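Trainee: I have a model open and want to work through it. Can we take it question by question?

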Amino acid sequence: MKKIEAIIKPFKLDDVREALAEVNITGMTVSEVRGFGRQKGHTELYRGAEYMVDFLPKVKLEIVVAEQDVEPCVECIIATAQTGKIGDGKIFVTDVQRVIRIRTGEEDEAAI
C-alpha cells in the first residue's frame, strides 16, 4: 500500500476529486494548508499599502491506495491539477506499513 499526498491549488480540488472518482478512488482526506516553494509568496495591496504574503493557501489531499492504483491515481492528479503556472503543487508517494479500520478491525487493503 502507498500513501499519496498531493499539494494542489484550492480551486482545483473539485476537479481532482471528480477525476479521481472516475478512476474508482473515492476515499481521501483533505486539509486546507498554507505554504510556499520556489514561488516564495507574492505581494498584495491593501488600502494603498503593499505587503508580502509569504504563505499561500493550498489544499493537501491524502489518499491511501493499493500498489496497483498508485500510477493511475498520480497520473489523474497531474492531468487534472496542472495549470502550467508556478505553484501547481507537488505529489509525494510513501509506503504504508499497516492500515486498520477502527470500527471493524479490518486491516490493510480490506480497510482502505
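Trainee: Is Glu18 buried, partly exposed or exposed, and at what relative accessibility?

Mentor: Keep in mind that this is a predicted model. Buried means under 20% relative accessible area, and exposed means over 50%. Glu18 falls in between, so the class is partly exposed, at a relative accessibility of 42%.

Trainee: Which helix holds Glu18?

Mentor: Look at residues 13–22, which form one helix. Glu18 lies within that range, in helix H1.

Trainee: Which residues gather with Glu18 in a patch of negative charge?

Mentor: Asp and Glu count as negative. The patch is on the surface. Glu18 shares it with Asp14, Asp15 and Glu22.

Trainee: In what order do the elements of the protein chain run from the N terminus?

Mentor: Start with the tally: two helices and six strands. Then read from the N terminus on. The order is β-α-β-β-β-β-α-β.

Trainee: How many disulfides does the structure hold?

Mentor: A disulfide needs two cysteine sulfur atoms within 2.5 Å. For Cys73, the nearest cysteine sulfur belongs to Cys76, 6.8 Å away. Cys76 is in no disulfide either. The count is zero.

Trainee: Are Cys73 and Cys76 buried or exposed, and at what relative accessible area?

Mentor: The cut-off for buried is under 20%. Cys76 has 11%, so Cys76 is buried. Cys73 is buried too, at 0%.

Trainee: What share of the protein chain counts as buried?

Mentor: The chain has 112 residues. Of these, the buried share is 31%.

Key:
Residues are numbered from 1 along each chain as its sequence is written. This is a predicted model: local features need pLDDT of at least 70, side-chain atom pairs count only at pLDDT 80 or more; totals for chains, interfaces and linings use all residues. Side-chain values use heavy atoms; hydrogens and water are left out. Patches are made of residues with over 30% relative accessible area and no salt bridge: like charges are joined within 9 Å, nonpolar side chains (Val, Leu, Ile, Met, Phe, Trp, Tyr) within 5 Å. Accessible areas come from the Shrake-Rupley method with a 1.4 Å probe; for residues, only the protein chains shown count as cover. A salt bridge is a side-chain nitrogen of Lys or Arg within 4 Å of a carboxyl oxygen of Asp or Glu. The place of a charge is taken as NZ of Lys, CZ of Arg, CG of Asp or CD of Glu. Helices (H or I, at least four residues) and strands (E, at least two) are DSSP runs, numbered from the N terminus. Buried means under 20% relative accessible area, exposed over 50%, partly exposed in between (1.4 Å probe, protein chains only).
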